[in-house]
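User: Hi! Could you walk me through this one?
Analyst: Happy to, here it is.
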Amino acid sequence: MATLLIIIFIITLFYAAISGRMFTLITLLRVQGVLLFGVALIELREMNVVNLIVILVETFVFKAVLVPYFLKRTIRLNNIKREVEPFISGVNSLIIVSVLIVLSFVLTFSLQQDFYNVIYFTVAFSAILTGLFLMVSRKKILTHIIGYVILENGIVLLSFSVGSEMPMMVNAGILLDILVSVLLFGFFMSRIRHISKEFEISSLSKLKD
Amino acid sequence: MILIYFISAVAIAALTGLLKNRLFQYLGMSVFVMLQVWLNVVLLTGGDIGFSGYFRADALAMIFLTLLSIISVTTIIQSFVYLTKRGDTIAHRSYYFSSMVIFIASMTGVFISDHIGMMWVFAEATTLSIALLIYHERTPEAIEATWKYIFISTLGLSFSFIGILLLDLSISGSGTAVFTFSGLTQALVSAGNKMMLQLAFILIVIGFSVKMGIFPLHTVCIDAHSVAPSPVSAMVSTSLMNVGFVAIFRFYTLLSPTAIAGWMSHVMLILGFLSVLFAAIYLVKVKNFKRLIAYSSIENMGIVAVAMAVGGIAWFAAILHLVIHTFVKSGIFYQMAQIIRYYKTKKVFFIGRYFKVNPIGGLVMIFAFIILSGIPPSGLFFTEFMIFSSMFTGGYTVAAVAVMLLLCFIIYTLAKYFFKTLFGPVEPEVISNGERISKWESVPQMLLLLLTLAISIYPPPFLLNMISDAVAALPK
């Protein structure tokens, strides 16, 4: 069951590579949040109940509800154009993401550990690499944030595959930090409007030597 | 006790941010300074920190916490000067102080964390709380620098988090439940999947290089320096870099008994050397005075990274180097606030004859230059001497010669611009600002420089003992 969810997760990565609209990307983030919730529910069953409930609620509320809602609101408030505007076209992106997933397989098998689930590890690394790829290959600043959130989802998946979990206090801190950073990204994005109307990364090139 | 500290800090920050009252700002900041000093004194005198397994006040933590407390007192004083002279509104100031309190509290958290995940949470909190401080001047450059700083820093720390998870994975077969710096070493030695540990270490170092200001991600750190208010730059250049150092040093200590020790020292040597190299290259092109000093910080952190790689007496020297660097660099940035205010520009080519304008401030700059460039009796001379001599004895001759040549070059460039500021010609239209400069403004930095001089000439035994304790866990 968990494997099925993870396979759907990897399909969302392919979809993220080819999707040309901002709202599609945000919906994908929402789907990924729900998938992570499902994986947590299945994988972490033997944890103590309070800890489990906190993690589940946090994952669902932050990943599947708050972050996507907030990103959507940022798009609406700032009148950002709905297209993704990549430097690299959809088909090429798809090829590159496939290569990245193969790379994660190679990495996982070369690490040769007995303690973790190979498929978790691979998918987590693929998500991290895909997030990075989306950041460098898209013009809009908002796409960078989406790439960052995909990367964070990968990290959450990785942390589910780790045997000894972080204590609740630490976990709460980590998720809170990620939420606040996304909120701050949104705040400063709306400030970037003062520099340029286009919200493109090329408008941030004043500071250099 | 630590709980009281964090709750009060958050309460002070929230009240300062919400009330927007001038009287309360003075009151809140004085209470916070007292709180910080109280925590520091209690921990120094052996008070119990509480929450064993999450926090621990070891020698390394205490050295840097004490530095942070001293610097935060002077920074808050200089912040009041800066904000008053700038004529900011009350609300604008409230945000500044509110972020400042959270920033200092989260740095304190990094220093005293024992749980690895906990330290990551606090490190991320420093990134988030510094955002409004960098953004304070509300210029387009400030937006750009803030954006770059939060984004790259958050991204970098995500990498560190992957590294931390990999460490966690590599011990997960051994049945160790605790995930703290003090309780993990044994499990790591027996776990030894070499490639896993190497991947973990490189990711952690890349992530924390944003904070420490060494090679791969140092650029955002420099952007943050150049647009932040000068008292904040003083914090970024000293305490925040110490945060990065403490984080990397703790992981270095943690992994040094494992099989990858030699490989780790090569990584640190390469990163440190590249930091010094980049600082030297970019110093030629720099036109902004604050970026100039920022590159000097990068150079110093590069030397510290090299020292970490060399080992032996150099570990001791590295921490002493950071202690002295913290005092000098913050002093320079406080004085810089005044210089920038007087000339209304950060461009080195427009600034000159500062010694005539403000002799006391000029004296501060001369002292600071002497200490920064490592001319005896500067403490940096002794630490650099120790580092280089252990490099020669340890078989790193080529690296030592290369770093020394780059250092000569850096000191030449710094000297050129420092003396241009003090005695050089000035553009006629710049000087017209006829503001009278109060001598009292230079008192905090003068005190810091005197403290540096005292430490250089007669290093207090308790400091040396603490440094020895801090490096005791490393293999000889």
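User: How many residues does each chain put into the contact?
Analyst: Chain B gives 39 residues and chain A gives 34 residues, where contact means C-beta atoms, placed from the backbone, within 7 Å. This is a predicted model, with local features needing pLDDT of at least 70, side-chain atom pairs counting only at pLDDT 80 or more, and totals for chains, interfaces and linings using all residues. Residues are numbered from 1 along each chain as its sequence is written, while chains are lettered from A and ligands numbered from 1 in the order in which they are written.
User: Which helix of chain B gives the most to that side?
Analyst: Helix 6 of chain B, with 18 residues. Helices here are DSSP runs of H or I, at least four residues, numbered from the N terminus.
User: And helix 9 of chain B, mostly covered or not?
Analyst: Mostly covered: nine of its ten residues are buried, meaning 20 or more other C-beta atoms, placed from the backbone, within 10 Å of a residue's own. B:His218, B:Asp223 and B:His225 are among them.
User: What covers those buried residues?
Analyst: The cover includes helix 5, helix 6, helix 8, helix 10 (230–255), helix 11 and helix 12 (289–310) of chain B.
User: New topic: how many helices and strands in chain B?
Analyst: Chain B has 19 helices and zero strands, strands being DSSP E runs of at least two residues.
User: What share of chain B is buried?
Analyst: Buried residues are 58% of its 476 residues.
User: What does its C-alpha trace span?
Analyst: About 70 × 55 × 45 Å along the principal axes of chain B.

Conventions: Two residues are in contact if their C-beta atoms, placed from the backbone, lie within 7 Å. A residue is buried if 20 or more other C-beta atoms lie within 10 Å of its own, exposed if 12 or fewer, and partly exposed in between; C-beta atoms are placed from the backbone.
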